[in-house]
Amino acid sequence: MANLYDPIEATIEIAAPQDQVGRVGPDLRAMPRWSPQVAKTLIRGPIREGAKMVNINKEGLKIWPTTAKVTRFEPRRDVAFRVKENWAEWSFTLEPTADGSGTKV
């Protein structure tokens with residue numbers, strides 16, 4: 001039986017080197033491109049650990065904001081943030097694939 005706090009994880013491999021993938025992610029301002037629910041992401045100042053952000057979410061006619069705080073950040077490699085309203089933590093980590101030709105996200 002799954003625990004309420006068990007992580008839900010997904011992995012994908014991209015056929016491009018980590019340095020190239022890192023130029024476009026993990027950039028939290030790109031959330032509207034990654035999530036069909038996020039309409040806009042606002043971050044005060046540079047993306048760094050401790051930065052605060054607001055997502056404007058949309059599903060049909062329903063629109064609502066969520067607030068979050070960046071809990072981990074390493075440029076071109078790792079980012080995580082915790083949503084205040086539901087304590088969900090989202091994270092994205094980039095690392096080379098086993099053969100080094102691509103990137104595992």
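**Exercise 1. Work out how much space lies in the second largest pocket, and which residues line it.**

*Solution.* Start with the volume: about 170 Å³ of space lies in the second largest pocket. Keep in mind that the model you are looking at is predicted.

Next, collect the lining. The residues around the second largest pocket are K52, M53, V54, T67, A68, K69, R82, V83, K84 and W87.

Now assign them to elements. At least two residues of this lining come from each of β3 (52-59), β4 and β5.

Finally, sort the lining by class: 5 residues are nonpolar, 1 is polar and 4 are charged.

**Exercise 2. Take R82, one of the lining residues, and decide whether R82 is buried, partly exposed or exposed.**

*Solution.* First locate the residue: R82 belongs to strand β5.

Then look at its relative accessible area, which is 28%. Buried would require under 20% and exposed over 50%, so R82 counts as partly exposed.

For the surroundings, set aside the neighbours within four places in sequence. R82 is then in contact with T67, A68, K69, T71, W87, A88 and E89.

One distance rounds this off: R72 is 10 residues away from R82 along the chain, and their C-alpha atoms are 9.7 Å apart.

**Exercise 3. Find which residues make up the largest nonpolar core, and which element gives the largest share.**

*Solution.* Begin with the members. The largest nonpolar core holds 12 residues, namely L28, M31, V38, I43, I47, A51, M53, A68, V70, V79, F81 and V83.

Then ask which elements contribute two or more of them: these are β2 (38-43), β4 (62-74) and β5 (78-83). The largest share, 3 residues, is that of β5.

As a piece of background, nonpolar side chains tend to be buried together in soluble globular proteins.

Now compare the two lists you have made. M53, A68 and V83 appear in the core, and these residues also appear in the lining of the second largest pocket. Take V83 as a closer case: beyond its neighbours within four places in sequence, V83 is in contact with T66, T67, A68, A88 and W90.

**Exercise 4. Describe how β5 pairs with β6, and say which residue in their hairpin has a positive phi.**

*Solution.* Strand β6 covers residues 89-93, and β5 pairs with β6 in the antiparallel sense over 5 bridges. For one specific pair, match D78 with its bridge partner T93 in β6.

Then move to the turn. The hairpin has 5 residues between the two strands, and W87 takes a positive phi near 60° there.

**Exercise 5. Give the strand order of the open sheet of 3 strands, and explain why one side of β1 and of β7 lacks a neighbour.**

*Solution.* The order is β1-β8-β7, and the pairing is antiparallel.

β1 (13-14) and β7 (95-96) are the edge strands; each has a single partner strand, so one side of each is left without a neighbour in the sheet.

To check one of the pairings, follow β7 to β8 (residues 103-104): 2 bridges join these antiparallel strands. Here P96 stands opposite T103.

**Exercise 6. Summarise the whole chain: which elements does it have, and what percentage of its residues count as buried?**

*Solution.* Count the elements first: the chain has 2 helices and 8 strands. Read from the N terminus, they follow the pattern β-α-α-β-β-β-β-β-β-β.

For the dimensions, the C-alpha trace spans about 45 × 40 × 30 Å along its principal axes.

Burial comes last: of the 105 residues, 28% count as buried.

Conventions:
Residues numbered from 1 in each chain as written. Predicted model: local features only at pLDDT ≥ 70, side-chain atom pairs only at ≥ 80, totals over all residues. Heavy atoms only, no water. Core = buried A, V, L, I, M, F, W, Y, C linked by side-chain atoms within 4.5 Å. Buried < 20%, exposed > 50% of the residue type's maximum accessible area, 1.4 Å probe, protein only. Helix = DSSP H or I, 4+ residues; strand = E, 2+ residues; numbered from the N terminus. Contact = heavy atoms within 4.5 Å. 1 Å grid on protein atoms, 1.4 Å probe; cavity = no way out; pocket = protein on both sides within 12 Å on 5 of 7 lines; lining within 4 Å. Points joined across faces, edges and corners; volume = space filled by probe spheres on them. Nonpolar A, V, L, I, M, F, W, Y, C, P; charged D, E, K, R; others polar. Pairing = 2+ DSSP bridges.
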